[in-house]
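Here's a quick briefing to read with the structure open beside you. Have a look at the coordinates first, then work through the notes by topic.

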Amino acid sequence: MIEFLQMVLSGIAVGSSYALMGLGMVLIYKASEVPNFVQGEMALLPVFIAFMMLTSYNIPYYIAFPATLIFAFLLGCFLEFGILRRAKEPNVLGLIIITIGMEMMLLGFVSWKFGADQRAMPFPISSYDSIIIGDIFISTLDMLTLVVALVIMLSMFLFFRFSKMGVAMKATQMNENAAALMGIKTKQIRMVAWGISSAVGSVAGLLMAPILVEPYMMWDPMLKGFSGAVVGGMTSLPGAVFGAYIVGIVEHLFGGYVSLEFKSVVAFVIIVIVLCIKPSGLFARHYVKKV
Amino acid sequence: MDMKRDYYEDVRIFTSGAVIFWTGILFLLLAIFPFVAKNYYVYVVNYMAINVIVVVGLNILVGFTGQISMGHAGFFAIGAYGTIVLMTHASFPFLLALPCAGLIAAFIGFLLGLPALRLEGPYLAIATLGFGITATQIIGKIKMFGERQGLHAPELAIGGWHIETDKDFYFLLIPITIALVIIARNIIKTRVGRAFISIRDADIAASTVGVNLTFYKTLAFAVSAFYAAVGGGLYAFVLRFIEPELFSMFMSVTFLTMVVVGGLGSIMGSVAGACLLGFLDIQLRNILEIPYFGDWIRMLSESYFTLTGASNIQLIIFGLILIVIMLFEPLGIFGMWIRSKKYWLAWPF
Amino acid sequence: MKKYLAYILTVMTIVVFGLALNVSAEEGITDTEIHVGQWGPQTGPAAPWGAVARGTDAYFKMINAEGGIHGRKIIHHYFDDAYNPAKTKAGVKQLQEDIGMFAWVSGVGTAPGLAVKDYLMDKKILWVGPSAGSRHWLEPPNKYLFNTYPLYLGDAELLTKYAVEKQGLKKVAVVYQNDDYGKQGLEGCQHELKKQGLELAIGLAVNVADVDMKPHIMKLKKSKAEAVLLFVGPGHVARLQGTGKAMKFEPQWMTSTTSGDHPLMMYITKGLYAGTISSAFGLMDPKVGTIQDFKNPTLPAMVKFYNDGYKKFAAKEERWGSTFAAGMGYVEPLVEALKRCGRDVTREKVVAELEKIQNFKSSMGNVSYKPFDANDPLCRIGQQEVFLLRAEPDGTSTVLTDWYKTEYIPSSH
């Protein structure tokens, strides 16, 4: 039983970072209707910027981390405004390829600037401490991730519910033309969505960084976040969070009880099962296509 | 000039004398190429031809039927392993083992097509991506497939013809490639192809006019899996050693990239996309050897970046090329071709 | 007339010189140059291992700065293959056919190496020191392929032996990367445990892309392993040790040479690596009980390479690490054989000289080869000895054992 609880708890811990990545993907999918393959690298570059600020320039945490998030926001805005928006008569696959291209460029840039070696990121709390409840362990870093993820989710909920910008964003996603007619600057809204998504992803990146920083660190979380988002329905923010936690927990239970080797692919099996039952994911309203 | 007036004009292979002429020239060039070019370039062309096979097949699925797949490295792996295992364990001759491996992959593609019937867009993307990753994981567990230690390709001989050098392999590979490209074109031009296209454009409308969605969607998966597997079987003999890690997600993504950059729904576009990106993929490693540009990059690396990471400029250039092509032409290379053709046909107006 | 004479003389010299070049005939070697090729990933997930190629480059530049080998400079061509065998094959073919390499050295990775092995061996081109401890190089042995990397099997054997005999730990577990390298670690450990009459506590596979190590630690904890052999890359070692620490699981960690760069490991684990026992195949002086500092080498060859090679020829951000330094170790036997050859160098002569090498003290252990025998995999193994180090908190290493000759286990299939 203890073992089971531990697995579930570890699953929730790792699910939190998947959830942040998944939230970022859903934000962008709702804004630009593209599965965003640059999500991981949009967080990677800010993580390395933070690393550079902390180690090369000795900037304290309370300046470096907010500065990183602002940088991430601007990066996201730039990718939308400077590149994606320039696409002429885009189709979905074309947009996917553009995000893959951006992913390669950012990854190449990071590896060029920082080299390929693994690095250790200074961080205010140690990733080696843990909180022990009975026989169950949860590391303080995981705890922090969980708390931060919850705070972000809550603030996003509040943002979409009560802020003018958030409501405008929702309106744009529901019906872009109608929103534009109501005087909402839909293009600007889309750009901001990218910015927010990038910042949320970077939070996940920063929370993964204390364990190890290397250029290819964001691929796995990005894919798992994507999986979680798809399980949840790809257009629903709570769905993405829920899906990410399902993926995290099932992964751990599967790794613990069935096979460790196939742990990393079990997420995709969940997806196929879920999608066979509900083709648009758990939380999305099923979209009925008209002829 | 491009107007089709009857069915025969639409299905015939050569639409005009000019096409016959240029195709003849192309075949001639392909025939003399290995005798004039350096052996290395024969190898590069072999590599490109394998990409052409896979990408043409993938385009039937992605470009013509409108189903995305990010897991074709899985079929590629099945083809590579299937061919080698059929040859070594069942002592099939190569020319039998290759289509058999293709048929096995086609069957698996059919199975994958079943859940895919209900999925589309990002849902299908992630499900197929998962298939690609899972396939290599499973292969890595099978003893007969050498587990994680990999497999060596056996000697390749057809009848009394021992295929050893790149040049020999070229003469085996290019006819297969040409045949498969022509077959793909014919599939598209016939009833099956029209069914695929109708599914892409409006699947509900297609089903109301009598297109069997289940049959044609799974068929598209099976056909493209067959193509990928044939490509994989040939690839095994280019490398002569295969292991599961080769068939990574990056490979699947690269195939998809080639389809889209070449031009969705165009066979010749796929050929062009596979050739261009295949060539870049293999040739960009020499980018720092380019006079002036390479020195400039080194200088830049020394002052602002790292010299040890300077090779990563490859990734940046590759990404840039993808972005630039897709930004300006959603139909990729094929779109550019159409546009320039129109321009010159209408010139000077 | 005098003017014309000068022209004629010039033309004649060029012709004679050109002919002389053709006469010397052996590919990749002229009167002043020896062309040597190498591949190594500079991009992609395996890029950290690319330092091997840059190390070899600095070593050759150091030799050239000292006048080369018998008046010949070594021209080193290395390229980035991104650990993709298709690219390795392309690069090898291009360099071999366009410029002509006299020999190939090192080359990171089993899969890239295997993609070009047949090509090089069919053409009878020398290949020294593949940078992967794989049995594929020896089964079957090839006349022109000389191994210098001790097999990963041996690392696992010695680590297990040490844990069981010296430390009295009976429950040994292995966490292995899911490939040829990791599987060898598992096999070596099982082999040694069997000899000791023990059972493996648990063997866990890690996929290269895995990031989350909690399930692994839970299973290790459940198995009550006292010593855990880590046959994974440095990144995974850091993740496993970090997760282990957070879950209060701190066995005797042991790593293979692949994660044996103590200063790096101490840095990326933020000190957790201290106390870990790693195997090593050189680059240090294995005097039992002494403390060795990788950053201040004492081995004469290493001191020289550090001062004359690394400091002068490496890029300014290059880290002085064991991966970089190993770039020298893999090629030392070739350089030695070339020196012994004298001025008259052909591939056959170099092979003959390499075969005569016995107990050659390279910076990576004592290298010996035997005359070629198609049935004896050991005739090309080069060296089979490893020793053990313990990481100290300040990044130095304590030598735990002397050179230990490991047992060769033929692969089962």
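What follows covers interfaces, helices, the nonpolar core and a few backbone oddities.

Bear in mind that this is a predicted model. On the A/B side, 42 residues of chain A are in contact with 41 residues of chain B, and H4(A) supplies the largest share of chain A's side, 17 residues. The largest nonpolar core runs to 346 residues.

**Where the chains meet**

- Helices H4, H9 (219-232) and H11 (263-277) of chain A each put at least two residues into the side that touches chain B.
- By class, that side of chain A splits into 30 nonpolar, seven polar and five charged residues.
- The contact between chains B and C takes 25 residues from chain B and 27 from chain C.
- On chain B's side of that contact, the elements giving two or more residues are helices H3 (39-64) and H14 (313-328), and H3(B) gives the most, with five.
- The class split on chain B's side is ten nonpolar, nine polar and six charged.

**Helices worth a look**

- H4(A), residues 92-114, has 23 residues and reaches 33 Å from its first C-alpha to its last, close to the 33 Å expected at 1.5 Å a residue.
- Since 21 of the 23 residues of H4(A) are buried, this helix is largely enclosed by the rest of the structure.
- Right after H4(A) comes Gly115(A), with a positive phi near 75 degrees.
- H8(A), residues 186-208, also has 23 residues, and its end-to-end C-alpha reach is 33 Å, close to the expected 33 Å.
- In H8(A), 21 of the 23 residues are buried, so H8(A) is largely enclosed by the rest of the structure.
- In chain B, the axes of H5 (residues 94-116) and H10 (residues 213-239) come within 7 Å and cross at roughly 145 degrees; the crossing is right-handed.
- The contact of H5(B) with H10(B) has 17 nonpolar, six polar and one charged residues.

**The core and its surroundings**

- Within the largest nonpolar core, the residues with the most contacts are Phe76(B), Ala105(B), Ala103(C), Val172(C) and Val175(C).
- H10(B) gives the most to this core, with 18 residues.
- Beyond its neighbours within four places in sequence, Val175(C) has contacts that include Leu204(C), His216(C), Phe231(C) and Leu240(C).
- Ala205(C) sits in strand E7 (residues 200-206) of chain C and counts as buried because it has 24 C-beta neighbours inside 10 Å.
- Leaving out residues up to four places away in sequence, Ala205(C) touches Leu260(A) and Glu261(A), along with Tyr176(C) and Asn178(C).
- The C-alpha atoms of Ala205(C) and Lys183(C) are 8.8 Å apart, with their positions 22 residues apart along the chain.

**Backbone oddities**

- For context, most residues other than glycine have a negative phi, and most peptide bonds are trans.
- Tyr292(B) has a positive phi near 65 degrees and lies in the loop between H12 (267-283) and H13 (293-304) of chain B.
- With 7 other C-beta atoms within 10 Å, Tyr292(B) is exposed.
- Ser106(C) also has a positive phi, about 50 degrees, and is found in the loop between strand E3 (103-105) and helix H4 (110-122) of chain C.
- Ser106(C) is buried, with 30 other C-beta atoms within 10 Å.
- Glu139(C) and Pro140(C) are joined by a cis peptide bond, with omega about -5 degrees; Pro140(C) is in the loop between strands E4 (126-128) and E5 (145-146) of chain C.

How values were computed. Residues are numbered from 1 along each chain as its sequence is written. Chains are lettered from A and ligands numbered from 1 in the order in which they are written. This is a predicted model: local features need pLDDT of at least 70, side-chain atom pairs count only at pLDDT 80 or more; totals for chains, interfaces and linings use all residues. Helices (H or I, at least four residues) and strands (E, at least two) are DSSP runs, numbered from the N terminus. The expected span of a helix is 1.5 Å times one less than its number of residues. A residue is buried if 20 or more other C-beta atoms lie within 10 Å of its own, exposed if 12 or fewer, and partly exposed in between; C-beta atoms are placed from the backbone. Two residues are in contact if their C-beta atoms, placed from the backbone, lie within 7 Å. Ala, Val, Leu, Ile, Met, Phe, Trp, Tyr, Cys and Pro count as nonpolar, Asp, Glu, Lys and Arg as charged, and the others, Gly among them, as polar. Axes are lines fitted to C-alpha atoms, for helices over the stretch in contact, and angles run from 0 to 180 degrees between N-to-C directions. A crossing is left-handed if the near helix is turned anticlockwise from the far one by less than a right angle, and right-handed if clockwise. A nonpolar core is a set of buried Ala, Val, Leu, Ile, Met, Phe, Trp, Tyr and Cys residues joined through C-beta atoms within 7 Å.
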